[in-house]
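Subject: Structure for you to look at

Hello,

Here is the structure I said I would pass on. Please have a look at it first; my notes come after it.

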Amino acid sequence: TLHAAAPNDILNKNACSACHGIDKAIVGPAYQAVAEKYAGDANARAMLTRRIREGGSGTWGPVPMPPQPNLSDADLATVVDWLLAGAKP
């Protein structure tokens with residue numbers, strides 16, 4: 001049977017962890033800060049999916065996040081689900 005990749009594996013494989021820590025900001029915000037900011041936001045899933053896929057800047061400061069066009073839809077959904085569930089280590 002196929003198993004979805006774990007969020008940490010996806011984050012490490014795609015160099016996300018170079019700029020984001022679980023509970024501390026590096027270049028970009030901590031994953032837990034993102035989780036807190038969007039908790040209860042009905043539009044968060046679509047917005048985060050688009051922001052990760054397309055990149056962008058301005059929400060957390062001027063440093064742009066590069067787009068992630070090579071992230072599979074399944075891996076992207078796993079990361080967004082993990083963020084919206086509180087980004088637990």
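Below is what I found, starting with the whole chain and then going through two of the helices.

Please keep in mind that this is a predicted model.

Overall make-up

The protein contains four helices and zero strands. In sequence order the pattern is α-α-α-α. The C-alpha trace spans about 40 × 25 × 20 Å along its principal axes. For 89 residues, a compact globule would be expected to have a radius of gyration near 12 Å, and the value for the protein is 12 Å, so the two agree.

Of the 89 residues, 33% are buried. If you take the contacts between residues at least 6 apart in sequence, 46% of them join residues at least 24 apart.

Surface and charge

About 5,500 Å² of the protein is exposed, and 56% of that area comes from carbon and sulfur atoms. There are 8 positive and 8 negative side chains, and the centres of these two sets lie 3 Å apart.

Helix H2

Which residues of H2 are buried? They are Tyr-31, Val-34, Ala-35 and Tyr-38. Viewed down the axis of H2, these residues fall within an arc of 100°, so they line one face of the helix. The spacing fits a general rule: an α-helix has 3.6 residues a turn, so residues three or four places apart point the same way. The buried residues of H2 pack against helix H1 (7-13), H3 and H4. Just after H2 comes Gly-40, with a positive phi of about 80°.

Helix H3

H3 covers residues 44-54, and its buried residues are Ala-44, Met-47, Leu-48 and Ile-52. Around the helix axis they cover an arc of only 125°, which puts them on the same side of H3. What do the buried residues of H3 pack against? Their partners are helix H2 (31-38) and helix H4 (73-84). Just after H3, Gly-55 has a positive phi of about 75°.

In short

H2 has its buried residues along one face, and these pack against H1, H3 and H4. H3 has its buried residues on the same side of the helix, and these pack against H2 and H4. A glycine with positive phi comes just after H2, namely Gly-40, and another just after H3, namely Gly-55.

Regards

How values were computed: Residues are numbered from 1 along each chain as its sequence is written. This is a predicted model: local features need pLDDT of at least 70, side-chain atom pairs count only at pLDDT 80 or more; totals for chains, interfaces and linings use all residues. Side-chain values use heavy atoms; hydrogens and water are left out. Buried means under 20% relative accessible area, exposed over 50%, partly exposed in between (1.4 Å probe, protein chains only). Helices (H or I, at least four residues) and strands (E, at least two) are DSSP runs, numbered from the N terminus. The arc is that of the directions from the helix axis to the C-beta atoms. Contact means heavy atoms within 4.5 Å. The radius of gyration is taken over C-alpha atoms; the globule rule is 2.2 Å times the number of residues to the power 0.38. Accessible areas come from the Shrake-Rupley method with a 1.4 Å probe; for residues, only the protein chains shown count as cover. Lys and Arg count as positive and Asp and Glu as negative; His and the chain ends are not counted. The place of a charge is taken as NZ of Lys, CZ of Arg, CG of Asp or CD of Glu.
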